[in-house]
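Visitor: I am new to this structure and would like to learn how to read it. Where should we begin?

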Amino acid sequence: MLLFQPLLDAKEPASDTAQLPVIMSSSGAGYDALYYFIYWFSVVFFVGIVGAMLYFVWKYRRQKGVKAAPTKDSTKLELTWTIIPFFMIIVMFHVSFDFYIHNAVASENALEVRVRGQRWNWSFQYPNGEGEGSVLYLPVNKPVKLVMSSSDVLHSFFIPAFRLKKDTVPGMYSQLAFTPTREGEAQVFCAEYCGAGEKPGSGGHYSMGAIIKVVSQAEYDKHMQEISGPGDKKPDEWGKELVQKSGCYTCHSVDGSAGTGPTYKGIFGRKENLSDGSSVDVDENYLRESILRPNAKVVKGFENGNMPPFVFTDAKLDAILAYLKTVK
Amino acid sequence: MATVASPHSGTAAPDPHASYLAQKGLASWLFTLDHKRIGVMYLVAVLVSFLLGGIMAILVRLELLTPGRTIMDATTYNHVFSLHGVIMVFLFIIPSIPAAMGNIMLPVQLGTIDVAFPKLNLASFYIYCFGACFGLYSMIHGGVDTGWTFYTPYSSKFSNSAVIPMIGAAFIMGFSSILTGVNFIATVHKMRAKGLTWRRLPLFCWALYATSIIQVLATPVLAITLLLLIFERVLHLGIFDPSMGGDPVLFEHFFWFYSHPAVYIMIVPAMGVVSEIICTFSRRAPFGYFFIAMSSLGLALLGFLVWGHHLFVAGMSEYSTMVFSALTFLVGIPSGVKIFNWIATLYKGSIDLRSPMLYGLGFIFLFTIGGLTGLFLAMLAVDVHLHDTYFVVAHFHYVMVGGTVIAFVGGLHYWWPKFTGKMYDEGKARIAFVLVFIGFNVTFMSQFILGSRGMPRRYYDYLPEFTTLHQVSTVGSWILGVGFIVMLVMFIESLASGKKATNNPWGSVALEWKTPSPLPLHNFLKVPVVTKGPYDYHLATEEELSED
């Protein structure tokens, strides 16, 4: 029998517990069992140590005429409290490592989703090539593998309800494997400090969140269809939705105020001064280039924006351009 | 009472029997080669740093009182928590016990007149000040917003703050740390009084010795890392930049290769202070002297092998995480050995609960929590959820504040009569202890639960569900702050109008309590010859145990 079998057999509690949030993934119940095991182990040790300390402090308090007994060292005792904890930690290490590895291996038919971190939002790309930002739909009870990267600084993809976390590192792929087991919304945080925008409201490490929506297979399929085409929406409505979902509003305002990037208000047809001293009329080609290769021609004053490149199909780009023309 | 003001201050050579504080004038401090005066200057410097870092901490907690903006914007918040970390780590906690307290007590405990290289000792202090100036310069120019860890590529390419002077500060202060380490190692080897064998070495000296080894071996790695970071930021070399073939994770490895051992630079001397306090106030030799001494060296050694546990979720290979997890668990063994031996020392002792002892026992209470929560984080599977959350923040504050700061303050109470020749108000000292102890636990106990429930660290804003716990923590920080203010008032009163301290106010048999308070210029009135151990209470006469 595997040493960590009890963790695999652990029952999932129906709601959150005193110290841990609600569980929505397959490894969560085992995680909580392990957490509470080490918690109670610590409580017992702590009560033993502090209890003995307080008892001795009271029992051997200084009294007139009573001298401290001379100290007699005991190698036997020293070896006891060296060797017994040694075996305890071997067991703890072993159980926790095996369980960790067991969870880290993705199953072969896992749904593979690309996760991209950029300051300060998360964007996702499904196996069918369609992408969206700030929200990720996953079918319940289907193994998932996230392949993650970062386009600027270190971030960390942290989903408390799944008891999972992994850093995203520029220039490197990292992975997470899990199976969502409960329908509902799971909050995603960035757990590796990544700064904040200089202008108020432009976001930062603290606002770099996302929601994972765990839904039934049918709902997932329906959502896939929705995001790959406009459905019954007009192009500019679809474009607005895409802009919203891609997290563009984190840096670009629609009310004329400057964020980390230039405002969308009246962007189409505007004349922009570029950082290299030249200027450009904002037309379809400039907008298209600025979405696909944001750093090719940067507007003066926004050199530190570091906008990451976005990938859209032509149909989506057209819709986004249609929307941008309407922001006046 | 050998403490009469020196009649020789001024032109003539000072009287070696007079107090080391007797000579007056700024120059007598700035150009002193006396380890005690250098120690006192360090003490003032680290206490000022502690005050500064403490103000930052109160501001951070105040901002987190409510979700959204409370008193500052996000960028300011990032600067404030970064400065809190940088100041507390590099300016306060690393030099606190070794450079300030160790400087004063090490030669006295060794029964000698000074450290091995007095001029080098003064140079270390000025290098520390020089480094601190760079830190100050950075703060005036807006400070840093990188966190005290300076992770790349944020620190090398993205941050607009005064990163270079701050890194320069840490780089320069590293040399101070190395030179102090070299000095202490030489002192312990070469300057022990006649009869003071290794087996009779006080446990605080053992702890300082172990700490010095870490300082000498680990700090150069930090220096190289920070230098590379400066090159990277200025010259864009690409060492840590993936677009030029570099690797940001490499920086994390370099950084923690120093900064994890640095944790032991902080905690090992604290354990030495606690060993001294517990023996003195139990009137009993330490149980397992040899094991306590060796566990300090054990921690120093293991400290070099566990840096990878800071990278468990950074994308290291699974097999590296395995090795680092196993090694991290091993740290529990020498830490446990120390705690068990302290408890066994209390057994059948004659225990006096005066303020230094309260801090000694407080250390055991808080460090046990800090150590046990370390087990959560050593377990790979458990760490994955807790990493970079408030659980980690709470854990290392239990070790750094509950451990090192409590021991530092305890040592200050313990040796205060020796440093200043004055006693302090015991009642106020106990009130301060109670406030600090309660305030600390309220502040950080709540953060364990915040973290395990999923609150990431270094967040300016938070979800409404975390509000209550954040508010409990902020209220705790106020209690903690009031405790330190009471303590400050008590110490200032003692300096101004404290009762004169006797040579041996605690009835200890250790060497430092056999010489006048405050310490005479040459530490001892005549050259001491050691004939028994520092904790041989069973050999002591009534007279030696009497508290004057």
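Guide: We will take the sheets of chain A, then the contact with chain B. Keep in mind that this is a predicted model.

Visitor: What is the order of the strands in the open sheet that contains β1 of chain A?

Guide: Strands of a sheet pair through backbone hydrogen bonds, and they do so either parallel or antiparallel. In chain A, the order across this five-stranded open sheet is β3-β2-β1-β5-β8, and its pairing is mixed. β3 (131–133) and β8 (174–178) of chain A are its edge strands, each pairing on one side only. From one strand to the next, the twist averages 25 degrees.

Visitor: How many bridges join β2 to β3 in chain A?

Guide: Three bridges do so, and β2(A), residues 121–125, runs antiparallel to β3(A). To find the place by eye, look for S123(A), which stands opposite G133(A) of β3(A).

Visitor: Which strands make up the open sheet that contains β10 of chain A?

Guide: That sheet has five strands as well, ordered β4-β10-β9-β6-β7 in chain A, again with mixed pairing. Its edges are β4 (135–139) and β7 of chain A, which each pair on one side only. Neighbouring strands here are turned by 20 degrees against each other on average, direction ignored.

Visitor: Are β4 and β10 of chain A parallel or antiparallel?

Guide: They are parallel, with five bridges joining β4(A) to β10(A), residues 210–215. One of the paired positions is P139(A), whose bridge partner in β10(A) is V215(A). Helix α4(A), residues 217–228, lies across both β4 and β10 of chain A and runs at about 135 degrees to β4(A).

Visitor: Now the interface. How many residues does each chain bring to the contact?

Guide: Chain A brings 79 residues and chain B brings 91 residues. The area buried between the two chains is about 7500 Å², with 69% of that from carbon and sulfur atoms. R62(A), Y193(A) and Y206(A) supply 11% of the area that chain A buries against chain B, more than any other three residues.

Visitor: Which residue of chain B forms a salt bridge with R62(A)?

Guide: The partner is D352(B), and the closest N and O atoms of the pair are 3.6 Å apart. Across this interface there are two salt bridges and 25 residue pairs in polar contact.

Visitor: Which element gives the largest share of chain A's side of the contact?

Guide: That is α3(A), with 16 residues. By class, the side of chain A that touches chain B has 49 nonpolar, 15 polar and 15 charged residues.

Technical notes: Residues are numbered from 1 along each chain as its sequence is written. Chains are lettered from A and ligands numbered from 1 in the order in which they are written. This is a predicted model: local features need pLDDT of at least 70, side-chain atom pairs count only at pLDDT 80 or more; totals for chains, interfaces and linings use all residues. Side-chain values use heavy atoms; hydrogens and water are left out. Two strands pair if DSSP finds at least two bridges between them. Helices (H or I, at least four residues) and strands (E, at least two) are DSSP runs, numbered from the N terminus. Axes are lines fitted to C-alpha atoms, for helices over the stretch in contact, and angles run from 0 to 180 degrees between N-to-C directions. Contact means heavy atoms within 4.5 Å. Buried area is the accessible area (1.4 Å probe) that two parts lose on being put together, summed over both. A salt bridge is a side-chain nitrogen of Lys or Arg within 4 Å of a carboxyl oxygen of Asp or Glu. A polar contact is a pair of N or O atoms within 3.5 Å; within protein, one must be able to donate a hydrogen and the other to accept it, and residues adjacent in sequence count only if both atoms are side-chain atoms. Ala, Val, Leu, Ile, Met, Phe, Trp, Tyr, Cys and Pro count as nonpolar, Asp, Glu, Lys and Arg as charged, and the others, Gly among them, as polar.
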